[in-house]
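I opened my notebook and went through this structure piece by piece. Here is what I looked up, entry by entry.

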Amino acid sequence: MNGIKDIVIVGGGSSAWLTAAYLSNQLQKFNYTIIDKEIGTPVGVGEATLLNFERFMELCGFPLSEWYEEIEATDKLGIEFPNWIEKGHHVYHPFNVRTENYQESLKKRLDDSSNVAYHINCGLLTTFIQNRIKNKVKFIASEVVSFENDKLFLKNGETIGGDLFIDCTGFKSILKKKRDRVELRNRLICDTAVASHVPYINESAEKLPYVKCEAVDEGWVWTIPVKSRMGSGFLFNRNITDIEKAKQFLSNYWSGRVKPDDLKVIDWTPYYDKNIWDNNVVSVGLSAGFIEPLESTSLALCMEGAYQISKRIVKNFYNNRDIDIYNKQMEIFFNNSIDFVNMHYIISKRPGKFWEEGRKLDKSDSMMYYENNLKENLNGHILNDSDFFTGNNWKCWLKQI
């Protein structure tokens, strides 16, 4: 049994500050310290959320009226997938799964806010949270030099001890001494993105209430409209598409509104750790795993990580059973998200090497289960509330084939 009094969070991006906000509001009995190097380097792959975002912010102590304008949010009613199954065949995946297009979703929005997610500016989100919780947490701007014997040794000379450490340091996961990593190349195809902010030219036409994920010959392009600009990126596989070629493609896609030299390159190997909680270190965000931007699972998994931590430490201590439960629960969330994303590529009929390789990905048990249900003309089965994507979400896609 391990008692808890002091919780230390390392990292300065969305995952660190969302975790700090949630825990410090829900479990005010602990002392919180956040440590981040002087100049942060957030990945910033996407800026779209799932339906759990508004409720999570409320549980952090932030009602919608306080943050909506501050973080340049716009409503997200679903995701449009132009040309995804094949050229000319668009798919609209609404959050109100009883609708078929975004116009119907828009009408539903007026009556039921539970079916709304948001496009957000993640940089402004971090600043918003920092300003709101600065009196609840201690912040130290310094780089971590080493982590030994339950103490952090910082570049500024300080030594920080704690009872529980939360690693929000991205792909490097600098606090975890060993990683039980599950690589996902057999289940996911995208491993690289080139991305940029895109200025509006025709704001009224371009600021749409949904994310657009347009399939192209060698991958797909996301467009996420926030209040002052759009976020966009081209997702691909770097073994199929050269990065410089990808940069030029995205620049051409936007008719020169973004320049190849200004694009940010993000590359990764899709993965998750089975030991997300290891001894007294819990990984949240990219340090726990990363799938890809499709279907906006990254922030959702981060928030779920923080929520599951709070459940395990609410009694002021944790033990090996709590660690095992946490890891198993997060593994379920990761696998459900992986299965749903994986399915998008398997069902596409587009030609070309990228899409041909996508159809070769291992088919999940979930996909086969729902395929069989549809063949038997059964209604989409709703999974329990520990899943991001229900049977109706699967049905929205599988009825396309």
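**Entry: Val211**

In which strand does Val211 lie? I found Val211 in strand 15, which covers residues 211-216. I kept in mind that this is a predicted model. Next I asked whether Val211 is buried or exposed. Buried means under 20% relative accessible area. Val211 has 4% relative accessibility, so Val211 counts as buried.

I then listed what Val211 touches, leaving out residues up to four places away in sequence. Among them are Ala48, Lys76, Gly78, Ile79 and His119. Thr223 and Ile224 are also touched by Val211. I checked Trp222 too, eleven residues from Val211 along the chain. The C-alpha atoms of Val211 and Trp222 are separated by 7.1 Å.

**Entry: Arg229**

Where is Arg229 found? I traced Arg229 to the loop between strand 16 (219-225) and strand 17 (230-236). Its relative accessibility is 10%, so Arg229 counts as buried. Which residue's side chain joins that of Arg229 in a polar contact of 2.6 Å? I found Glu47 there. With residues up to four places away in sequence not counted, Arg229 touches Glu47, Asn121, His197, Val198, Pro199, Tyr200 and Ile224.

**Entry: the open sheet**

I followed an open sheet of six strands. I wrote down the order 8-3-2-12-21-20, with mixed pairing. The edge strands are strand 8 (138-141) and strand 20 (277-278), and each pairs on one side only. I looked at strand 3 (residues 31-36) next: strand 3 and strand 8 pair in the parallel sense over four bridges. Asp36 has Ala141 in strand 8 as its bridge partner.

What packs on this sheet? I found helix 1 (residues 14-26), touching strand 2 (6-10), strand 3, strand 8 and strand 12 (164-167). The direction of helix 1 makes about 175° with that of strand 3.

**Entry: two helices**

Two packed helices are described by the angle between their axes and the distance between the axes. I looked up both values for helix 1 and helix 2 (residues 52-59). The angle is about 50°, and the axes are 8 Å apart. The two helices are therefore oblique to each other. Which residues meet? From helix 1, I noted Leu18, Tyr22, Asn25 and Gln26. From helix 2, I noted Phe56, Met57 and Leu59. The residues of this contact divide into five nonpolar, two polar and no charged.

**Entry: hairpins**

I began with strand 5 (residues 78-86) and strand 6 (residues 89-94), which pair in the antiparallel sense over five bridges. Phe81 stands opposite Val91 in strand 6. Their hairpin has two residues between the strands, and Gly88 takes a positive phi near 90°.

Strand 9 (residues 144-148) and strand 10 pair in the antiparallel sense over four bridges. Glu148 has Lys151 in strand 10 as its bridge partner. In this hairpin, with two residues between the strands, Asn149 takes a positive phi near 50°.

Strand 10 and strand 11 (residues 159-161) pair in the antiparallel sense over three bridges. I matched Leu152 with its bridge partner Ile160 in strand 11. This hairpin has four residues between its strands, and Gly157 in the turn has a positive phi of about 95°.

**Entry: strand 10 side chains**

In a regular strand the side chains alternate between the two faces of the sheet. I checked strand 10 (residues 151-154), where the side chains alternate. Leu152 and Leu154 point to one face and are buried. Lys151 and Phe153 point to the other and are not buried.

Definitions and conventions: Residues are numbered from 1 along each chain as its sequence is written. This is a predicted model: local features need pLDDT of at least 70, side-chain atom pairs count only at pLDDT 80 or more; totals for chains, interfaces and linings use all residues. Side-chain values use heavy atoms; hydrogens and water are left out. Two strands pair if DSSP finds at least two bridges between them. Contact means heavy atoms within 4.5 Å. Axes are lines fitted to C-alpha atoms, for helices over the stretch in contact, and angles run from 0 to 180 degrees between N-to-C directions. Angles under 35 degrees count as roughly parallel, over 145 as roughly antiparallel, 65 to 115 as roughly perpendicular and the rest as oblique. Ala, Val, Leu, Ile, Met, Phe, Trp, Tyr, Cys and Pro count as nonpolar, Asp, Glu, Lys and Arg as charged, and the others, Gly among them, as polar. Buried means under 20% relative accessible area, exposed over 50%, partly exposed in between (1.4 Å probe, protein chains only). A polar contact is a pair of N or O atoms within 3.5 Å; within protein, one must be able to donate a hydrogen and the other to accept it, and residues adjacent in sequence count only if both atoms are side-chain atoms.
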